[in-house]
Each structure stands twice: as C-alpha cells, then as structure tokens.
Amino acid sequence: MEDLEEPMTISENLLDLILLNDSPDMLDAYIRRTGDGLNLPKPKAKESTETRAQANPDDDDDEESKIYLGLNVHGKKRKDLARKEDPNAPYQSDDGSKAPIGWRAASKQAIAILEYLDSPKAIEAYRDYAESYKSKLAKRLAEALQNPEDFPKMVGFSLSRLAETPVLATVWNPAKPNQILPTLKKLMQLQPKLTADGVRLQVKPSRSSALMLLCCTKAPAEAFDWMLANGADPLVRDETGRNILHTLFVSNAANWTLIEHVLTKLPADVIETLMAQQTRKQRNTPFAMAVKRGNLRLVELLIRTAKSAIVSTLLLRDSTAATPLHSAILKGWSKIVAHLISVGPPEMLYLENGVGSTPTEITRLQRLTQTLRGLTNSLNQPGSFNTYGVNYLSLTPAPGMRDRDEQEVKSLRRAIEGIKASGTLAKKPELLGVLSDFADRSEQEFATWVAQKPQEEAQSETEYPNNGYDYCDVPATFDVFCKAVVEVRQRQLVHLSDVQTAVLTAVESQTSGTLRTRWATKVQVEGLEEEEPDQKQDVNYSAILGSLSQDWEVN
C-alpha cells in the first residue's frame, strides 16, 4: 500500500450506497480512501507583491477590496471577467453543477451522516487523505483545509448563489419520504439559521420554495405543519405563477393524505386566495387544472371541502378564454360536468369561450357529430365486418381473475358439491375429479390475487373506477345539459381582450417558441472571451433541481 501514490478508482455509486444506508463509519473510511464529496473553492490566481501594491497602494489591512464590474458587455455586467485574477474574490465552488456531500446526504435522509459531517471527524478524515496521498486532489484539499471556516461551505452547509440549501435537497425527490420530518429537525438542530433560511427562501431560477417541492412528494402531513411553523409561506408562487395547490393537484401520484390535510389545515381566506390564483402563461387556477386532468376524485374532494372557494373561480377564464365548464365539456366528462353545474352559477351555462361558443352549443355539436359519425360508419362498413376479416363484435374476451368475485368462486364449489351429492356423475369419477380440481385452482388463484392486490388499490377501485378519473361520455354529457338548461337566458359575450389572448395562445401552440419574447442577436466581438459556463448556469441550472422545464401546464 505504501507504493500506491494514486488511490484506486472506486465507483461513484459506492457513495450513494453509503448515504442510502446512513453509515457514518463507512463514509469515514470512504473519505480517507478517496477524498471525495467536497465542492472545493476555485484556485486563486497567484499575484506578485509588486502588482498587489500597485493595485492598492494605501491598503494596509486585510479588508476585502471592492470589485469594479466595468462596462456592460452585450447588455450585462460580466462578473467572471471582473473577478478574474482577483485574489480577494468571494468563495466560489470549482464545480457549481455538482452537489456537495451534505446535500446528497440530505436527499437520502441520512440523518447520522449529516451529524457526522457537522462534527470535527469529517474534517479530520479529509485532512488524513490530504496528508496520506500525493494526488492533485490531495494537494488541493490541503490548500483548501487551511481555512477551516470554509469547510461548511465545501460540505454544503451554506447558502448557494441560487439560494440552495440542504433543506431543498431534503424535500426534492426524497429517497425516504417518511424520514423527511426527522431530517428537517436534525438540520434545524445542526444548522438553525441555515435551515430557517432554507424553509423561507425561494430558489432560482424557478423561484420554487421548499414547501412547494414538499407538495410533490409522499411526505407526511406533519412535515407540512413543521415547515409552516418554521416560517414557510403558503402563499408563495414560483416563476410560472404556480402555488402549492397547483403543485399538489398536478402530481401524477397524488398525495391524498397531504391534499386533504392542506385543505383543512389552512384558513379559509388563504384557501380562497390560492384557489383564485392563475398561472401566468395558461392562466389556470388549481381547480381548473383538476378539471382539465379529468380527476373526478379530486373534483369531488374540492367540492366537499372548499366549495365556497371554488364557486368564485368557476367564471374565471384561462388563456383560451375557456372556463372549467368549457374544458370539461370538450373532453366529454359527464360526471365532472354534472358536479360543476350543481355548484356553479346559472350564467356559467351561457358564457362564450375564445371562439364565441357557449357550453350548450359545444355539447350539442359534439352530440350531433358523434351521431353522424356513427351513421357514416354503419353505411360504409357493416358492424359485423372488419377490414382484417375478424368480427370483433362476436368475440367476447374471457373474464380474467379480476372480473371474478368471491361469490362466483363459492357458487362454483356449491354447484360441484350438488352434482356430487346427486350422484349424476357417479359413473364418471374422472370427470368429477376434473371439476373438483378446477374449483380448487379457482379458489387458489382468487386467494393469491386478493393477497397480492394492495388494500389501497382495492378501496380506490371500489370507490372510484378508472383510478379516480372521469371518462369521455358524450351522450351522458348531452343529457346532463338538457336537464340543466330549463330556460333560455341571454348569452354572456366574451371580451375582445380575451379573444386576442386566445388567438395568441393558439398561434403559439403551433410554433416552437413564444411570440412575446424578443430574441436578441448575440454580437461576437473579436478578442472577447466566451462567458464561463458556470456563470451561464447561474440563471438556468440548479445543482439540486437541475434544469427545470416550465412548459408543463395542462392545456
């Protein structure tokens, strides 16, 4: 081992396994062997004493000099050019795109490792590596560890330039959602000021908060309450205009426990404010998103728990000048349409959308179109004929085990026992044995299926077919409207500004970019260096969140 100047290459996945198992002893051995995990500061450029004296002839103390950023370059200040060759530049990581070990431990909810990284043992392990090896990393570690006050920044116990903290890493894509709250409490114990800032601040560039990211997870309701108690703002909105309800409702794997808790925990005035907030581009309210996704279970939950807050948003239009009722009718979601009509004001039935159509006109046109299409198909192609020569109408798929219920299995057993008792098959015992074996297999298969099926899924299918989502049923939607429209009222005309916005949205949806953005042409100046990549990433990249896409809304 003494002849080995360079450490052996160890897979980076090993560190993830150590963090996932929350083993401080293994991490200590890993650090002493590899020196990995820190975000080291950028090497400072060497500068002669004569040059420093010429730059600051009257500066006799160690006070940090101010940096003059110079003139604008392509319309903005170039901090990377101003700080270049500056020995007094503030702390900067050598690789801002790499998450330090403290953030990675927080994302794995490694509570014991977080406590280890905050103790003197961690810096001793890194010093041991710096003293034991002659690699380039060891030399840089030895230089960086000369300033022990910078060690928390290298570990990740600091506020980054994008307002990233271990709190953000804890709640974003957690490995153990049930350990989020203990991890947050441990961070508050180890780094109280940093943790309080992480709960309160919004991260660039999306301006998402830790509370909003928590709503994307399966975190328990107690974690939400803890963040509120420690300064989190429930009314915070990100760059696209989303709030915590938008985030909760748009998730594919909804956290129903947290949704119900938020709706009952927050005051009524806060819920009304959140329900009325629209996203900046598509102008969707949280309830409009639930409707557009066809989430029947969520729509019914909101009507039960926040009916007063919802009613006031039913007349709000999105970027296509459509109300939630317009959106539900276009999709043919009859059950959601029935709920909206039952709680909405009567004038909602006569509002025009961006193309001047009322809900009544839309559903009538859909019903007529479906009827005519059915007549056309029956004339062009007989119902019992298929282009591939297969009569699909006569093919009835065999019922799977999911279609069998317990009563059918029991009735099969009773029928076989009745045949056996009557003596009908007394002369054919082999046939009776086949029937008995079939009944045994059916009971075993049914028992196996029941045991494998999660209880939550069973309850969900019982209460809400189709996983809680509504399905398209144009005739049923038409019938709902025919019963609702009992009198003719004056139609509510759409405003010209809403029509213009709808047209612009329709045009932008068919193009690759937005028409509202003016693209500036970059002028190349001879002799001027390209902006450093880490400076570019400051405005559109997060070491924890990555590059966030903002084109996610439901249309």
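In the predicted model, the axes of helices α14 and α16 come within 9 Å of each other and cross at roughly 40 degrees, a value that makes α14 oblique to α16. The crossing of α14 with α16 is right-handed. On the side of α14 the contact is made by A221, F224, D225 and L228, and on the side of α16 by L258, H261, V262 and K265. By class, the residues of this contact of α14 with α16 comprise five that are nonpolar, one that is polar and two that are charged. An α-helix has 3.6 residues a turn, so residues three or four places apart point the same way.

Helix α14 spans residues 221–229, and within it A221, A223, F224, W226 and M227 are buried. A221 and F224 thus appear both among the buried residues of α14 and among the residues that α14 brings to its contact with α16. The packing of the buried residues of α14 involves several further elements, for these residues lie against α10 (166–171), α11 (180–190), α12 (192–200), α13 (210–214) and α15 (244–250) as well as against α16 (256–265). Just after α14, the chain passes through G231, whose phi is positive at about 105 degrees.

Helix α16 also packs against helix α19 (residues 296–305), at an angle of about 25 degrees and with the two axes 11 Å apart. Because angles under 35 degrees count as roughly parallel, α16 is described as roughly parallel to α19. Here, too, the crossing is right-handed. W256, I259, E260 and L263 of α16 meet R297, L298, L301, L302 and T305 of α19 in this contact, and by class its residues are six nonpolar, one polar and two charged. In the contact with α14, by contrast, α16 is represented by L258, H261, V262 and K265.

Towards the start of the chain, helix α1 (residues 13–21) and helix α2 (residues 24–34) pack at an angle of about 155 degrees, with their axes 9 Å apart. Angles over 145 degrees count as roughly antiparallel, and α1 and α2 are therefore roughly antiparallel to each other. The crossing of α1 and α2 is left-handed. Helix α1 contributes L14, L15 and I18 to the contact, while helix α2 contributes M26, L27 and Y30. The contact of α1 with α2 comprises six nonpolar residues, with no polar and no charged residues.

A contact between distant parts of the sequence is found at S107, a residue of helix α5 (residues 101–107). With a relative accessible area of 16%, S107 falls under the 20% limit and is therefore buried. S107 and A169 are 62 residues apart in sequence, yet their C-alpha atoms are 4.8 Å apart in space. When residues up to four places away in sequence are not counted, S107 touches A169, T170, N173, P174 and A175. A169 and T170 fall within the range given for α10 (166–171), one of the helices against which the buried residues of α14 pack.

Two arginines show a backbone conformation that deserves separate mention. R207 has a positive phi of about 60 degrees although it is not a glycine, and its place is in the loop between β1 (202–203) and β2 (208–209). With a relative accessibility of 39%, R207 counts as partly exposed. R283, likewise not a glycine, also has a positive phi of about 60 degrees, but R283 lies in the loop between α17 (268–276) and α18 (286–292). At a relative accessibility of 23%, R283 counts as partly exposed.

For the chain as a whole, 29 helices and two strands are assigned. Of its 555 residues, 41% are buried. The accessible surface of the chain comes to about 31800 Å², and carbon and sulfur atoms account for 52% of that area. Among contacts between residues at least 6 apart in sequence, 76% join residues at least 24 apart, and the pair S107 and A169, with its separation of 62 residues, provides one instance of such a contact.

Conventions
Residues numbered from 1 in each chain as written. Predicted model: local features only at pLDDT ≥ 70, side-chain atom pairs only at ≥ 80, totals over all residues. Heavy atoms only, no water. Axes fitted to C-alpha atoms, helices over the stretch in contact; angles between N-to-C directions. Helix = DSSP H or I, 4+ residues; strand = E, 2+ residues; numbered from the N terminus. Parallel < 35°, antiparallel > 145°, perpendicular 65-115°, else oblique. Left-handed = near helix turned anticlockwise from the far one by under 90°. Contact = heavy atoms within 4.5 Å. Nonpolar A, V, L, I, M, F, W, Y, C, P; charged D, E, K, R; others polar. Buried < 20%, exposed > 50% of the residue type's maximum accessible area, 1.4 Å probe, protein only. Areas by Shrake-Rupley, 256 points an atom, 1.4 Å probe, with all protein chains shown as cover.
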